[in-house]
Amino acid sequence: DIVPLYHELYSTVAPGFKSENAQILRCIERISKKVGTRGIYVMDRGGDRGTILKPLLDNKRQFLIRLVGTRHLLYRGKAVEARQLAASCPLPYAERVVKEQQGKEKQYYIEFGFRKVQLPHRCEPLYLVVVKGFGEEPLMLLTTVPMRKKRSLLWWAVEAYLTRWRIEETIRYIKQCYNLEDIRVMTYERLRNMAALVLATAYFTAVHLGL
């Protein structure tokens, strides 16, 4: 189920703005204060940054982040580019996935597997989940969640990332349903307040009316 937890509008030219990285980490910490170490933070390639990975690991936050492919990972004691690891990764499992695009369903036949890795200069065990079938380049997902040679566990990791599609659809629905990009107010703070009200409304719609 989709449960809206956090939704904030911000501007890069607003007073006090530091960086996009700081904004992302602030979001994670605000949620973590309420849920503790529960939950897994799933991010697209924008999360493949040392400034995000390091705080997540330091604070023992579970994550699953899509890699760009150029990041070096330690595999069997050697630093290897993630893209090279993905190319040689065995893919023992397969599944069919259906995605709705512009009102039409499209089927994908995907194969997936994993390798146990580490980040350079870090001791935490990590896992590179490799998924082929969505395009020419495989999906490379770096996660703290322990993987095993077990289909159900690997499929869970794939589904966790694919849930992003549903989140993107939810954001698109919120924008369209509440005309979020067509709100007219006189100040930046009022616009931020309206975005907060929209979150409350979306939460009520998704959770309470859903019951």
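1. A handy definition to begin with: two strands count as paired if DSSP finds at least two bridges between them. Please keep in mind that this is a predicted model.

2. Now look for the sheet. It is an open one, formed by 6 strands in the order 1-2-8-7-6-5, and its pairing is mixed. At the edges you will find strand 1 (41–43) and strand 5 (93–101), each of which pairs on one side only. From one strand to the next, the twist averages 25°. As general background, strands of a sheet pair through backbone hydrogen bonds, either parallel or antiparallel.

3. How do strand 1 and strand 2 pair? Strand 2 covers residues 63–66, and the two strands run in the parallel sense, joined over 3 bridges. To see this pairing for yourself, find Met43, which stands opposite Ile65 in strand 2.

4. Helices pack on this sheet too. Helix 2 (residues 50–58) touches strand 1, strand 2 and strand 7 (126–132). The direction of helix 2 makes about 165° with that of strand 2. Helix 4 (residues 151–177) also packs on the sheet, and its contacts include strand 5, strand 6 (104–117) and strand 8 (139–143). The direction of helix 4 makes about 15° with that of strand 5.

5. Finally, turn to the surface. Val3, Leu5 and Tyr203 make a nonpolar patch there of about 280 Å². Of these residues, Leu5 lies in the segment before helix 1 (20–35). Is Leu5 buried or exposed? Leu5 counts as exposed because its relative accessibility is 61%, and the cut-off for exposed is over 50%.

Key
Residues are numbered from 1 along each chain as its sequence is written. This is a predicted model: local features need pLDDT of at least 70, side-chain atom pairs count only at pLDDT 80 or more; totals for chains, interfaces and linings use all residues. Side-chain values use heavy atoms; hydrogens and water are left out. Patches are made of residues with over 30% relative accessible area and no salt bridge: like charges are joined within 9 Å, nonpolar side chains (Val, Leu, Ile, Met, Phe, Trp, Tyr) within 5 Å. Accessible areas come from the Shrake-Rupley method with a 1.4 Å probe; for residues, only the protein chains shown count as cover. A salt bridge is a side-chain nitrogen of Lys or Arg within 4 Å of a carboxyl oxygen of Asp or Glu. Helices (H or I, at least four residues) and strands (E, at least two) are DSSP runs, numbered from the N terminus. Buried means under 20% relative accessible area, exposed over 50%, partly exposed in between (1.4 Å probe, protein chains only). Axes are lines fitted to C-alpha atoms, for helices over the stretch in contact, and angles run from 0 to 180 degrees between N-to-C directions. Contact means heavy atoms within 4.5 Å.
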